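The exercises below ask you to work through a structure with its sequence at hand. Each task is followed by a solution that proceeds step by step.

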Amino acid sequence: MQNTVRSSIRFSGTGLHSGKTVHMTIHPASADYGVWFRRTDILLGDAMLPARWDVVEQTALCTRIKNTAGVTVSTIEHVMAALAGTGVHNALIELDGPEVPILDGSAAEFVRVILKAGVVQQNETVRAIEILRPVSVTRGDATATLSPADELNIEFHIDFEDAAIGVQDKSLGMANGSFVRELCDSRTFCRKIDVDQMHANGLALGGTLENAVVVDGADILSPGGLRHQDEAVRHKMLDALGDLYLAGAPILGKYTGIRAGHSLTNALLRELFANPDAYRFVDCDRTIAARLPGAGVHFGEIPAVA
Ligand SMILES: [Zn+2]
């Protein structure tokens, strides 16, 4: 069955790129509504934006959606991952600025508050997207692929010159709440050299050592160090889960990302939906529903840092 949140959930925090304080509320929504954003600070014109792949603007640093009136919401990927990972299918997310709060740079706070408020079952069946044949996109040395599998599996490979990140590989099935246990607390990471350049260009103005893991060569500059030895690749998997949820439904298939990012994952969804023979919608029976990312998640499974 589809799920929504039991009650409205409020957050406030700083936008990573704007540096401005944002207030955000996740409201319950009816079955088959999907996930929508609404900008409450836009008083004239269309302030509604669907959380959907076909309204994503191509950006390197975060995932931004834009409606036909030109209204945007940036950095939606972590809250989308939290909704996917806790099995919330329907929600209206209101915010009074152009960017979702970055919080600690992970999805842990979103997950903690969603599970604390509770997730309630609705009266309609979940429709999932079953991958029938592999689809792939490549840009330079980066590749993203979706291929057939019984449940959503996310596999990622990264390699960075900075020894603090280096080469990291991880593969994880998303059933049985593994997103909440294994991925949700992994933070955004960036290289000091890139941070300096972003600041010089007026970007990442809200970025601090409290909401991103900053690395410089072999050194971790953020106080407290890492939450996981391979936190960087775990965060890339978190981003992938959030970006894939813009498909509009849970995906039954395997995602493989090699040096991929937000823009490539979006290109992958565009490639998928351009090939109707590569997927089909399936109504989830009890067996399939038990394999979806949010099935069987318990509040007690949230990592201690949240
Ligand atoms: Zn991220």
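## Exercise 1: the open sheet

Task: in this predicted model, work out in which order the strands of the open sheet lie, and which strands form its edges.

Solution: the open sheet is formed by 5 strands, whose order is 12-13-20-14-15 and whose pairing is mixed. Strand 12 (135-139) and strand 15 (167-173) each pair on one side only, and these are the edge strands. From one strand to the next the twist averages 5°. Within the sheet, strand 13 (residues 142-147) and strand 20 (residues 254-258) are antiparallel partners over 5 bridges, and Ser147 has Lys254 of strand 20 as its bridge partner.

## Exercise 2: a helix on the sheet

Task: find which strands helix 6 touches, and check its length against the expected span.

Solution: helix 6 packs on the sheet, where it touches strand 12, strand 13 and strand 20, and its direction makes about 140° with that of strand 12. Because each residue should add 1.5 Å, the 12 residues of helix 6 (residues 262-273) should span 16 Å, and the 17 Å between the end C-alpha atoms agrees with this. Among the buried residues of helix 6 are Leu264, Leu268, Leu269 and Leu272.

## Exercise 3: the neighbours of strand 17

Task: determine in which sense strand 17 runs relative to strand 16 and to strand 18.

Solution: strand 16 (residues 189-191) and strand 17 run parallel and are joined by 3 bridges, with Arg191 paired to Val215 in strand 17. The chain passes from strand 16 through helix 4 (residues 192-200) to strand 17 in a right-handed β-α-β crossover. Strand 17 and strand 18 (residues 219-220), by contrast, run antiparallel and are joined by 2 bridges.

Technical notes
Residues numbered from 1 in each chain as written. Predicted model: local features only at pLDDT ≥ 70, side-chain atom pairs only at ≥ 80, totals over all residues. Helix = DSSP H or I, 4+ residues; strand = E, 2+ residues; numbered from the N terminus. Expected span 1.5 Å × (residues − 1). Buried ≥ 20, exposed ≤ 12 C-beta atoms within 10 Å, placed from the backbone. Pairing = 2+ DSSP bridges. Axes fitted to C-alpha atoms, helices over the stretch in contact; angles between N-to-C directions. Contact = placed C-beta atoms within 7 Å. Right-handed = clockwise from strand over helix to strand, strands pointing away.
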